[in-house]
Each structure stands twice: as C-alpha cells, then as structure tokens.
Amino acid sequence: MTEITDSIDVPEPGTTQDDQETEKKGRRGGKRGKKGPLGRLALFYRQIIAELRKVVWPSRNDLMTYTTVVIVFVVVIIAFVSVVDWGFSKLVSHVFG
C-alpha cells in the first residue's frame with residue numbers, strides 16, 4: 001500500500017522510499033566534505049580576508065565626522081538622563097519628605 005504524503009515528489013516506478021532516502025543522504029558538499037579540520041580552518045580564514053578586501057573603509061574625514069556625531073549624541077543623552085534623574089530625586093524627596 002502506498003503512503004499519502006504532502007510532498008510533490010513522485011516516486012520512480014520500481015524504487016522504494018528507502019532507495020530515495022539513501023540517494024539523498026549520500027551526497028556531500030563537494031570539496032568541502034573532503035577537507036580535514038585544518039583545511040576547513042584555512043578556508044575560513046581565506047574567506048575572512050576576501051570579505052575584508054570588499055569592505056569600503058571610511059576616509060579620515062568621514063571617521064572624524066562619525067566620531068564627533070557619536071560623542072555629541074552620548075553627551076546629549078547623558079545630560080537628558082541626568083536631568084530626569086535629578087527631577088525624579090526632587091519629586092521623591094518632596095513626596096516622601
């Protein structure tokens with residue numbers, strides 16, 4: 001008797017489901033499956049270097065602008081949190097006295 005499944009795969013005539021599963025599991029990732037741990041590590045570092053070469057590094061002027069924006073933003077947030085903290089401390093001291 002055949003099983004009803006939700007897949008659209010139609011089995012080949014004369015093959016069983018076990019034959020199809022072993023056929024799918026037997027495949028490896030090509031060269032990647034044949035390398036040892038050191039080979040995979042070397043490949044990983046080569047890929048890192050290749051990706052770092054693609055990066056568009058900011059110019060010195062851009063870097064100074066970004067740094068200034070971050071520092072100003074942090075100072076503004078510190079000032080805001082300090083004012084809110086001072087306000088809450090005054091409110092709590094006024095309420096609980």
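This section describes the fold, confidence, helix geometry and surface of a predicted model of a protein chain.

The protein chain contains 3 helices and 0 strands, and its elements follow one another along the sequence in the pattern α-α-α. Confidence in the prediction averages a pLDDT of 82 over the protein chain, with 65% of the residues scoring at least 70. Among the elements, helix H1 (residues 17–25) has the lowest mean pLDDT, at 58, whereas the highest, 97, belongs to H3.

Helix H3 comprises 37 residues (residues 60–96), and at 1.5 Å a residue it should span 54 Å; the distance of 53 Å between its end C-alpha atoms agrees with this expectation. Just after H3, glycine 97 adopts a positive phi of about 45°. A UniProt record, in an unreviewed entry, places the feature "transmembrane region" at residues 63–84. In the model, residues 63–84 are 100% helix and 0% strand, and the end C-alpha atoms of this span lie 32 Å apart.

With respect to solvent exposure, 0% of the 97 residues of the protein chain count as buried. The accessible surface of the protein chain amounts to about 9,800 Å², and carbon and sulfur atoms account for 65% of that area.

The count of salt bridges comes to 1, and this pair is found between lysine 54 and glutamate 51, whose closest N and O atoms are 3.2 Å apart, a separation that satisfies the criterion because a side-chain nitrogen of Lys within 4 Å of a carboxyl oxygen of Glu qualifies. Both lysine 54 and glutamate 51 lie in helix H2 (residues 37–54), where they are 3 residues apart, or about one turn of the helix. An α-helix has 3.6 residues a turn, so residues three or four places apart point the same way. Side chains of opposite charge can pair when their charged atoms come close. As for the surroundings of the two partners, lysine 54 is exposed, with a relative accessible area of 59%, while glutamate 51, at 46% relative accessibility, counts as partly exposed.

Technical notes. Residues are numbered from 1 along each chain as its sequence is written. This is a predicted model: local features need pLDDT of at least 70, side-chain atom pairs count only at pLDDT 80 or more; totals for chains, interfaces and linings use all residues. Side-chain values use heavy atoms; hydrogens and water are left out. Helices (H or I, at least four residues) and strands (E, at least two) are DSSP runs, numbered from the N terminus. The expected span of a helix is 1.5 Å times one less than its number of residues. Buried means under 20% relative accessible area, exposed over 50%, partly exposed in between (1.4 Å probe, protein chains only). Accessible areas come from the Shrake-Rupley method with a 1.4 Å probe; for residues, only the protein chains shown count as cover. UniProt positions are given in the numbering used here, feature names are shortened, and annotations may be inferred rather than shown by experiment. pLDDT is the predictor's confidence in each residue, from 0 to 100.
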